[in-house]
Amino acid sequence: MEVSTVKSLFTSKDGKTSIRVLSWEPKGEVRAILQISHGMIEHIERFDRFAAAMAEQGILTAGNDHLGHGWSVTDPEHRGYFGEPDGNLNLLSDMRTLQKQLQEEHPGVPYFIMGHSMGSFLVRQYMAIYGNGISGAIIMGTGYTDSAKLLFGQAACTAASLLHGEMYRSETINNMAVGSYERPDDPDYPPGAWLTRDREVVKQFHEDKLCQFIFTVNGYKNMLRGIQKAQSSSLMKQIPKDLPVLIVSGAEDPVGDFGKGPKKLEEVYKSLGMTDVTCKLYPEDRHEILNEPDKETVDSDILEWMNARMQKK
């Protein structure tokens, strides 16, 4: 099936930023819609291969560059900045705007949402707020962080912002967050190797100017706040019990503590009475399972899962 890529814009919840959207649209019948929420320090175009593969199967796939990311940024100073007073809410509201637009264009079509890494924590919140309006959620490259660490991180960000302002970029906080995934003493594990075993993808990531920046303390504070909300019992209890959820992760992904985080999330969701929760770990895969050598297997598994839930609707 032929696929066309369409670019569009909408105004962010912050009231001033133009949010860039990419849609991979099948030429024939749209069997379903898949909305993607990307991770930190990347942009929606990095999902081109996967999105095109889904569109070839009749699934219109779309996503926006979050605030502070990709081509939604016109001033480099705003990279990794989500806004105030609640940047986490800004991102969730922008995701909702895209969903409403896509559903208005394709009413009655099964609607799925997928979040990777930072995007997975946004989707985990989204499920509780807007879960009744979607057919299923795919949580990819997620984790389960100790509450004390989240509170400490937010306190550090707040202190840094009081001293230097919301736009400050702290090397210390950045090293605590993503620097811990690196293995500087291992010559066989170069910078960025925690993302994927595919060295060419890592090279492309380092060469992509839209992926080379440090989060502002505002960005880190809001991301940590979002993770804390995603893990709160009060919010998780609001997720519809019959909402289908697929949790997928690399077994060697440090973000998920090498499989422990995704498995814990599965257990928590099931303990809350959720009736359709599946967790799958891919052996040897790291953080970006859509960019690993077995990526076609991941594609196939996600497609099969969505097809089965479409038939239930």
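How many of the 313 residues in the protein are buried, as a percentage? Buried residues make up 57% of them. Here "buried" means a relative accessible area under 20%, "exposed" means over 50%, and "partly exposed" lies in between, using a 1.4 Å probe and protein chains only.

Before we go on, a word about the model. It is a predicted one, in which local features need pLDDT of at least 70 and side-chain atom pairs count only at pLDDT 80 or more, while totals for chains, interfaces and linings use all residues. Residues are numbered from 1 along each chain as its sequence is written, and side-chain values use heavy atoms, with hydrogens and water left out.

## The whole protein

Let us start with the overall picture. The protein has ten helices and eight strands. Both are DSSP runs, numbered from the N terminus: helices are H or I runs of at least four residues, and strands are E runs of at least two. With a radius of gyration of 18 Å, close to the 20 Å that the globule rule gives for 313 residues, the protein is as compact as a globular protein of that length. That radius is taken over C-alpha atoms, and the rule is 2.2 Å times the number of residues to the power 0.38. The C-alpha atoms fill a box of roughly 55 × 45 × 40 Å along the principal axes.

The accessible surface comes to about 13400 Å², and carbon and sulfur atoms own 51% of that area. Areas come from the Shrake-Rupley method with a 1.4 Å probe; for residues, only the protein chains shown count as cover.

Contacts tell us how the chain folds back on itself. A contact means heavy atoms within 4.5 Å. Of the contacts between residues at least 6 apart in sequence, 76% join residues at least 24 apart.

## Three neighbouring strands

Now look at strand S5 (residues 111-116). Six of the six residues of S5 are buried, so the strand is largely enclosed by the rest of the structure. Tyr-111, Ile-113 and Gly-115 point one way, while Phe-112, Met-114 and His-116 point the other way.

S5 has two partners to follow here; strands pair if DSSP finds at least two bridges between them. Strand S3 (residues 32-37) runs parallel to S5 and is joined to it by five bridges. One place to see this is Ser-37, whose bridge partner in S5 is Gly-115. S5 also pairs with S6 in the parallel sense, again over five bridges. Phe-112 stands opposite Gly-136 in S6, and His-116 stands opposite Met-140.

Strand S6 (residues 136-140) is mostly covered too, with five of its five residues buried. Gly-136, Ile-138 and Met-140 point one way from S6, and Ala-137 and Ile-139 point the other way.

Ser-117 sits in the loop between S5 and helix H3 (118-130). At 11% relative accessibility, Ser-117 counts as buried. Not counting residues up to four places away in sequence, Ser-117 touches Gly-39, Met-140, Gly-141 and His-287.

## Residues with more open positions

Some residues outside these strands are less covered, as this table shows.

| Residue | Where it is | Relative accessibility |
|---|---|---|
| Glu-56 | loop between H1 (48-55) and S4 (59-64) | 43%, partly exposed |
| Phe-152 | helix H4 (residues 147-164) | 53%, exposed |
| Asp-257 | loop between S7 (245-250) and H9 (260-271) | 40%, partly exposed |
| Glu-284 | loop between S8 (277-282) and H10 (295-312) | 54%, exposed |

Leaving aside neighbours within four places in sequence, Glu-56 is in contact with Met-1 and Val-3. Glu-56 and Glu-25 are 31 residues apart along the chain, and their C-alpha atoms are separated by 8.4 Å. Phe-152 and Leu-224 are 72 residues apart in sequence and 9.8 Å apart in space, C-alpha to C-alpha.

## Backbone angles to look at

Most residues other than glycine have a negative phi, and most peptide bonds are trans. Asp-257 has a positive phi of about 55° although it is not a glycine. Glu-284 also has a positive phi, near 75°. What is the peptide bond from Glu-84 to Pro-85, cis or trans? The bond is cis, with omega near 5°. Pro-85 is found in the loop between S4 and helix H2 (87-105).
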